[in-house]
Amino acid sequence: MRIPRLAQLGGGIAAAAIIAILATAPFGSRAADHLDAPNLAAREDADINDVYVFPGSTAGRTAIAVTTSPAAGVIGPIDYATNVRYKINVDRNADAVEDVAYVVDFAAASAGSQAYTVTRYAGANARTLAQGVVLGGGQRGDTNALKGDGLVFAGLRADPFFFDLAAFKHVVLGVNNGRTGFCDQPNNTGIDFFASFNTNGIVLELPNEALSDSGGAIGVWATTLDRATGAMIDQMGRPAINTVFNHTVSDKQAFNVTPPSQQVTTGNFRSNIITTLETLGGYSPAVAGGLADFLLPDVLTYTVGTTPVGPLNGRALANDVIDVELGLVTQGAITTDCVGAHAYLPAFPYLNVAH
């Protein structure tokens, strides 16, 4: 199916589509989904691109992948920052407060390698990071075993994210690049801008019981912290929440340093979602409010052991979250960018080798 030009769609639908696409479209050489606030431009090594949660290739295990440093090696650095702590948060009781945390700390790179350690924090320590248990570590680029039957990988990988940038440039920005819209290539395919880009990936694979006592629902999000002060630099759970719904620089930057448990009642975050859905998506106030209550806090919820349907229940690498978001924000007017998933590895660390 050929998607009509946004200019030919109704005003609300056209604007909604633009907002949805802005969540993932690179401006110049930067990716907006990967750089959701201007202050992160100077700290790409602390910029969280995406968060994934899905079943491991072995029964009874769950994988969590966090990618950072957009277009690593081109824009973002390949080395991990030594002044940044990379934290994976797990909420076990649906209060948007971490009950378990895994923190990865990196030493300085040397001769093309970089050592790191993984520390697990539980209970109040997951919030304060006052006292934890070192599970292990290793060298960047290697798969390493962790205490408690876990696995970890940290290093450069192919970016798993997929999206048609050229169609966006033509349809939204009016760039005359030979495109007529989404899905206008032979056989109704798109062009994947991210197909050749790399990213830094941290991947954990853990027994299900390490994440959930009962095998039920958990909430997962990632944060990056300043190693000297402990201050939050970036946070992310579901894809593109900040970029789609917060439109001012101050709101975007404030969102990235607001813990999920405070996002519903802090600042303009909830009202920004409601206003965007009402004005640009044509939703009623009641429906927009209900969607806002689902989208906040910015935590990727997942029922352990189930099939992920990102971003509604976990997020597998191949889940086409852009198609879901296009359909959500445009109420079905645009349902796909006709770009499919990348190739991924069938087993740990799942992210494909770097280009």
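Hi everyone. When I say "contact" today, I mean heavy atoms within 4.5 Å. With that in hand, let me walk you through this structure, which is a predicted model.

I'll start with one residue, threonine 82. If we leave out residues up to four places away in sequence, threonine 82 touches Phe106, Ala107, Ala108, Gln114 and Arg227. It sits in the loop that links strand S4, residues 61-68, to strand S5, residues 84-91. Is threonine 82 buried, exposed or partly exposed? Its relative accessibility is 38%, and since partly exposed covers the range between under 20% and over 50%, threonine 82 counts as partly exposed. One distance to note here: from C-alpha to C-alpha, threonine 82 and alanine 109 are 8.7 Å apart, with their positions 27 residues apart in sequence.

Let me step back to the whole chain for a moment. The protein chain has ten helices and 14 strands. Of its 355 residues, 55% count as buried. As for contacts with a separation of 6 or more, 64% of them come from residues 24 or more positions apart.

Now for the strands. S4, which we met as one end of that loop, also belongs to an open sheet of five strands, in the order S3-S4-S11-S10-S9, with antiparallel pairing. At the edges are strand S3, residues 48-55, and strand S9, residues 143-146, each of which pairs on one side only. From one strand to the next, the twist averages 15°. If you'd like to look at one of these pairings, try S9 with strand S10, residues 150-158: the two are antiparallel and share four bridges. In that pairing, asparagine 144 has valine 152 of S10 as its bridge partner.

There's another antiparallel pair to show you, strand S12, residues 217-226, with S14, and these are joined by four bridges. Here alanine 217 is bridged to threonine 303 in S14. In a regular strand, side chains alternate between the two faces of the sheet. So what do the two faces of S14, residues 300-303, look like? Leu300 and Tyr302 make up the covered face, while Thr301 and Thr303 make up the uncovered one.

On to a pair of helices. Helix H8, residues 269-281, and helix H9, residues 285-295, have axes that come within 9 Å and cross at roughly 135°. Roughly antiparallel would need an angle over 145 degrees, so H8 and H9 count as oblique to each other. The crossing of H8 and H9 is right-handed. On the H8 side, the contact is made by Arg270, Ile273, Ile274, Leu277 and Glu278; on the H9 side, by Pro285, Ala288, Gly289, Leu291, Ala292, Asp293 and Leu295. By type, the residues of this contact are eight nonpolar, one polar and three charged.

Last stop: aspartate 320, in the loop between S14 and helix H10, residues 321-329. Is aspartate 320 buried or exposed? With a relative accessible area of 18%, aspartate 320 is buried, as the cut-off is under 20%. Again leaving out residues up to four places away in sequence, aspartate 320 touches Phe162, Asp337 and Val339. Aspartate 320 and phenylalanine 161 are 159 residues apart in sequence, yet 8.8 Å apart in space, C-alpha to C-alpha.

That's my tour. Thanks for listening, and I'm happy to go back to any part of it.

Conventions
Residues numbered from 1 in each chain as written. Predicted model: local features only at pLDDT ≥ 70, side-chain atom pairs only at ≥ 80, totals over all residues. Heavy atoms only, no water. Buried < 20%, exposed > 50% of the residue type's maximum accessible area, 1.4 Å probe, protein only. Pairing = 2+ DSSP bridges. Axes fitted to C-alpha atoms, helices over the stretch in contact; angles between N-to-C directions. Parallel < 35°, antiparallel > 145°, perpendicular 65-115°, else oblique. Left-handed = near helix turned anticlockwise from the far one by under 90°. Nonpolar A, V, L, I, M, F, W, Y, C, P; charged D, E, K, R; others polar.
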